[in-house]
Amino acid sequence: MGSILHELVTMFIFIAYVFMVTTEYSLGVAALKVQCIDSEQKALQNFKEGFHSHLDRFSSWVPEEDCCKWRGVRCENETGHVITLDLHSSDSSEAMQGQLRESLLDLPYLSYLDLSLNDFLQIQIPEFIGSLSRLKYLNLSNANFRGTIPDQLGNLSHLVSLDLSGNGYSLRVNNLNWLYHLSPLKFLDLGGVDLSISVNWLDDINMLSSLIELNLSACKLHNLPQSLPLVNFTSLKILDLSFNSLNGTIPDWLFEIDQSLVFLYLRRNEFHGSIPEAFGNMTSLIVLDLSENNLEGPIPTTLGMISQKNQSKEFSSLRQLYLYHNQLNGSLQKILPKLSRISVLDVSWNSLEGVVTDAELLDFSNLQVLDFSGNNLTLNVSSSWAPSFQLERIGLNSCKLGPQFPQWLRTQKHFSAIDISMNGISDAVPDWFWNLSSKIRHVNLSSNVLTGTVPDLSSKIKLSTIDLSLNKLSGPLPLLSSSISTACLAGNLFSGPIFRLCEMLKVNNSVRYLDFSNNTLSGQIPDCWTHGKNLVILNLASNNLSGKIPESIGHLLQLNSLRFDHNGLSGKIPSSLKNCTSLIVLDLGQNRFSGEIPEWIGENLLKLMILGLSSNAFKGHIPVEVCLLESLKILDLSANYLSGGIPRCVDNFKAMAERDTVRSYIYDPYTAYIEDVILTAKGLQLRYGEVLKYVKLLDLSSNGLTGEIPQGITSLIGLLFLNLSRNNLVGAIPANIGAMHIIESLDLSRNQLSCSIPTSMTDLFSLSCLDLSHNRLSGSIPSGHQFDTFDAATYQGNHNLCGPPLAYNCSEDKSYEDPNCIDKEVGRKMEAETGHRLHIPPFYMSMGLGFIVGFWGFWGPLLLKTSWRHAYFRCLGNLIDQIYVRVIVAVARLQRKFQKQAA
């Protein structure tokens, strides 16, 4: 809504300017119209030659025709001079590619130039543009320019409008001093231009006293002065500083333009402190956007107040107020009565509290967007309340509306988005709800206790997002709209087969997210995955599905997450899954899959961050190829029939070896979908959702693994959970295990580990769960730090351990020490000592020996013995002569043979 009002005001001002330009030379209506100047027509033809795609824009540029009639060209009526060149594209698909030619300089009366939405192939804005001295309007936005904006633009002293926005940080400025000469400038849009090294940017812009609109959004600005000696741009109506990194409090100089400012956008910066009371002096303000900052305190009651009165009441001039994603607190009781003329009220995701009644919303007849989400507000209205407004967007997440389904929603007929999730509603969804609005696009009823069935929604042709998760809805899966992109029905009581999924996929290629997990769906997974190739998330976990995974699953090339865990699926992992190289999460745990773990998982699925294959019937060795998965944060192969040793290459799990990985999110910071994975940690099965991005786990427990624990496992210092229990591992616990400082749970129980517990383990300060029971460990138990908190159950079944918390004290005769381990320890020390000596591998020794023999056996004598050297080169020369003669003779014979055949 803010952008619509913004566009309307901008359009009005722009139309006025265009009217001025188009009528400037047409006051003498009766004047005789002349044709285009020949030299200027040639200049335009030359300019056209610089482009090489989408040339249909020039279809009317025929040399025989008057150039004043060409598309995009306008001439002055009396003189025939070209004054307007407008070649902007309507969208990127029609963008022309090419270069700017200096022939533009042969259009000396050009006052309007628009080349926006074309593609100039990352060239720099030419300096000669600054020589078009009569220009009043210049638009080079979204045209793929790069480099430094030339200071020569400062020569355009008649410029009224300048737009260089939308070139995606490819444009930059060293300073804005060149703006000083552009005193008539009314519109300046530098959105997306890198101004990070322009120190005095505000002082330079402050000199533009005629400025009406200023857009500096996404300009990499960091500092905003709190005050100015004198504010010159007092005519400013539109100011956009959003999407920067501006910090500090909201500056005082803003309130010196309080009488003129209509639109103010400060979204997504780093402003802190309270919202100034001085906003009450901005009597013309219509749109205020302070969202996504760090503002705190209550919303001031003076916000946007005007001095005029209507029936003894004061009202705000504001029509749109955006304060979402801050840290505001307090109630809305005092501010709401002042905002009754508002159309957009978005205060979501703050810490507001209190009760909002129907009486306080009585006069809000203009309200179109209401968003109270993410606060601690209660909407207390009567069951018969019929609000005077018709909402387009309803956001009431986390508000208290229940326990009954809100009946006042029945009066809302035109909304496109509704979110009443986490509202404590414990009721059936009424039938009328599904037929309220034909414009519905987004529905979120999640995290309530809603009951009943969901009707056929295939007729809701605009519905693109539906989230009904975490309720008690039942019945078969509903038929969904053909335009659906996100469907989350997880955590309900839906039952029956999922064949309806195929019906939806066959008519809808826009589906991206499907989550039907945690229901009671049954039957086999249908073989229809050649459709729906845009799927990013497919989650059918925790149902009663059976049978095999169909081969067609390999057609989902865009898939990021595949969850079939906690079902009754069987067979082998289909080899077609190797085609899904974009997979980040693959969880097939808690099923009945068999065979060996495929090597191609490590060779093809290189983006995996979560691999869950636990509680199946996989056998054979752990393939070493799995070590190629450097991004793995969670690897769970527990409860299978795996054998052999733990791969020595586990230290290649780089994400586990870093405490803070570069990519801490499963997808990216802006993806709404959150993985919800069940993991065994600290001896308990726990569900990880929001915090999953922080979890790093390696679980190889309950298999038949043999051999020693690889030393490289201690390099995985980012691990929080390590479980190697219930295997047949032997040898000592790695001495350097104390390097895993942040590990919280370590389970090595029920193996055949021997020797003493490494004293370095006392450095595991975060360790809260330790199980070393039922091994063959010996010697004294280390003490200090976390080890003083563990009880005897941690060590039971190790008959040669002694010391607290066990009842066996360690005696001085060392009877509890394993003599074999002492010998091994001595061997390790000797090995460590010799390791400091120079050690030359056999390969390099043989290479050196070969060089010595080869050099002194052949080249050495030739260098030292002159007679040998002469004899060698005489022999070599004779050999070359003989070869040459033989070749010549053979060629001559072939020539004679060919000549005889030809005769």
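How far apart are the sulfur atoms of Cys802 and Cys810 in their disulfide? They sit 1.8 Å apart. This is a predicted model, where local features need pLDDT of at least 70 and side-chain atom pairs count only at pLDDT 80 or more, while totals for chains, interfaces and linings use all residues. Residues are numbered from 1 along each chain as its sequence is written, and side-chain values use heavy atoms, with hydrogens and water left out.

**View A. The Cys802 and Cys810 disulfide.** A disulfide here is a pair of cysteine sulfur atoms within 2.5 Å, and by that rule the count is 5. The S-S torsion of Cys802 and Cys810 is about 105°, so this one is right-handed. Cys802 is buried (under 20% relative accessible area, 1.4 Å probe, protein chains only), at 1%. Cys810 comes out partly exposed (between that 20% and the over 50% that counts as exposed), at 37%.

**View B. Cys502 hooked up to Cys528.** The S to S distance is 2.1 Å, and a torsion of about -80° makes the disulfide left-handed. Cys502 belongs to helix α4 (residues 500–507), whereas Cys528 is in the loop between β32 (520–524) and β33 (537–539), 26 residues apart. Helices (H or I, at least four residues) and strands (E, at least two) are DSSP runs, numbered from the N terminus. Cys502 is buried at 11%, and Cys528 is buried at 5%.

**View C. Cys627 joined to Cys649.** Here S to S is 2.0 Å, and 75° about the S-S bond gives a right-handed link. Cys627 is buried at 3%; Cys649 is partly exposed at 23%.
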